[in-house]
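Reader: Hello! Could you walk me through this structure, one feature at a time?
Author: Gladly. Let's look at it together.

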Amino acid sequence: MRAARVLPWFLCLCVVSRYPIHCGAQTCPADLQTECGDPSSEWEGSSSPESPQSSMSKNPMSYRWYNAEEEILGKKMKDWMRFSVAFWHTFRGTGADPFGAPTKLWPWEDGTNSLAMAKRRMRANFEFINKLGVDRWCFHDRDIAPDAKTLAETNANLDELVALAKELQGSKIRPLWGTAQLFMHPRYMHGAATSPEVGVYAYAAAQVKKAMEVTHFLGGENFVFWGGREGYQTLLNTDMKRELDHMAAFLRGAADWKKKIGFNGTLLIEPKPQEPTKHQYDWDAATTMSFLQKYGLIDEFKLNIECNHATLSGHSCHHELETARINGLLGNIDANTGDPQIGWDTDQFLTDIGEATLVMLSVVRNGGLAPGGFNFDAKLRRESTDVEDLFLAHISGMDTLARGLRNVAKLIEDGSLGELVKRRYHSFDTEFGAQIEGGKVDFETLEKKAMEWGEPVVPSGKQELAEIIFQSAL
Ligand code: XLS
Ligand code: NI
Ligand code: NI
């Protein structure tokens, strides 16, 4: 069996840490040589990664900042983070781009889209998650199981893979979220819930229904709606009002189904401004919120903010997180990043310490993300083709966010940034200010005050000082 050839080798990819190791069977920690592991292995890999350096402090196969059990700001790091692996990027990402063929020839892949291949891939997924030492994963229905000729056959494929995933999850691993892939198949070319074709609307609903059921079955904690092709290419052929009405009806149906099957997970909408359509309806956090408000869905959904989508919409990730948070809607984060020189969703692992610190600032202010967490939603670059790179990328993303959390702890302990912000609004910390904030002061009263007080003395915004304080925590 090919799986038997592959997996013993795969097992050798353990993550060592300055901190406690979270690597299942520790037969060969940090040893990437193909010979290590089950001696009966038939695997004769030719893509053997190099052995990592032996020096712990320089070993890239180790966590330098993430220490799952360490308590920071009153919570264990693992509980602040709730990291999860995105199945699609990690196990379905091929490295292909519009100009070139796939580059990733993973040793467990056989080049087919068969059920047997899907199962082998699922095993590889759990090997990876276990070695990385995280407890969660995220998936689309069609990532994990192949499409078949009919919906019933496709559902049967999904059931087989879900049964295997359930077994491999054991008692520890659960989906952070599941979702339905409503954008890849040609039937969804005009959208799913917003397709002008009623048959597509029905098909999409059936897919979400099933995907929610299997997420529930696997013990998933959330269910995501990213509006794959819910948008338009031109308004000339589009009835925008009608499409938005349809989308609302669809989401109402999903919320009803959730209750009917007793799924207690959070429903999350993931805003994105464009790509693949020119204009996606869930443009950003504010647009999505106003949509939910208008259609009476605001209590049924929260938001999954993706950093790369935030920058595509012309905001920072911190802006989107804060917009969601102050409205009580921050549910989950797709913690990736774009490239400042490139204008699309490059889905890179987050490596910017400043950005990670701002992200974690929102998370800490939110009191954490549970039952949400961090989904990486990030992929290796086309040119990164070693299995080892999958580990390095995740370790780097996890360490970056862990570093962000440590920086937030410094900022909070230091207190001067919080103090600076508080001081800016000091004039409202008065009896009169409180009355204004309570909506109790009318314009006549304000005019009287303005006359009495004369020209206001307006203090400095202290932006540079704020920047110095922030930078010194990094
Ligand atoms: C695509 C989205 C997608 C969602 C899940 O840009 O980020 O990956 O997270 O459907
Ligand atoms: Ni995403
Ligand atoms: Ni994305």
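Author: We begin with a polar contact: in this predicted model, a side-chain N or O atom of H140 is 2.7 Å from an oxygen atom of ligand 1.

Reader: Which other side chains place a polar atom by an oxygen atom of ligand 1, and at what distance?
Author: K272 has a polar side-chain atom 2.9 Å from an oxygen atom of ligand 1, and for D334 the distance is 3.0 Å. The protein covers 93% of the 290 Å² of accessible area that ligand 1 has on its own.

Reader: What kind of space does ligand 1 take up?
Author: Ligand 1 occupies the largest pocket. The residues surrounding ligand 1 include W88, W177, W226, E270 and D377. Sorted by class, the shell holds 3 nonpolar, 2 polar and 6 charged residues.

Reader: How should I read a metal site, and which residues coordinate the nickel ion (ligand 3)?
Author: Look for the donor atoms, then for their places in the sequence. The nickel ion (ligand 3) is coordinated by E306 through OE, H309 through NE2 and D345 through OD, at 2.1 to 2.5 Å. Along the sequence, these donor residues follow the spacing E-x2-H-x35-D.

Reader: Which residue coordinates both nickel ions, ligand 3 and ligand 2?
Author: That is E306, and the two ions are 3.8 Å apart.

Reader: Are E306 and H309 buried or exposed?
Author: The test is relative accessibility, with buried meaning under 20%. E306 is at 2%, so E306 counts as buried. H309 is also buried, because its relative accessibility is 4%.

Technical notes
Residues numbered from 1 in each chain as written. Chains lettered and ligands numbered in written order. Predicted model: local features only at pLDDT ≥ 70, side-chain atom pairs only at ≥ 80, totals over all residues. Heavy atoms only, no water. Donors = N, O, S within 2.8 Å, 3.2 Å for Na, K, Ca; no water. Buried < 20%, exposed > 50% of the residue type's maximum accessible area, 1.4 Å probe, protein only. Near = heavy atom within 4 Å. Polar contact = N/O pair within 3.5 Å; in protein donor to acceptor, adjacent residues only side chain to side chain. Areas by Shrake-Rupley, 256 points an atom, 1.4 Å probe, with all protein chains shown as cover. 1 Å grid on protein atoms, 1.4 Å probe; cavity = no way out; pocket = protein on both sides within 12 Å on 5 of 7 lines; lining within 4 Å. Sits in = over half its atoms within 2 Å of the grid points. Nonpolar A, V, L, I, M, F, W, Y, C, P; charged D, E, K, R; others polar.
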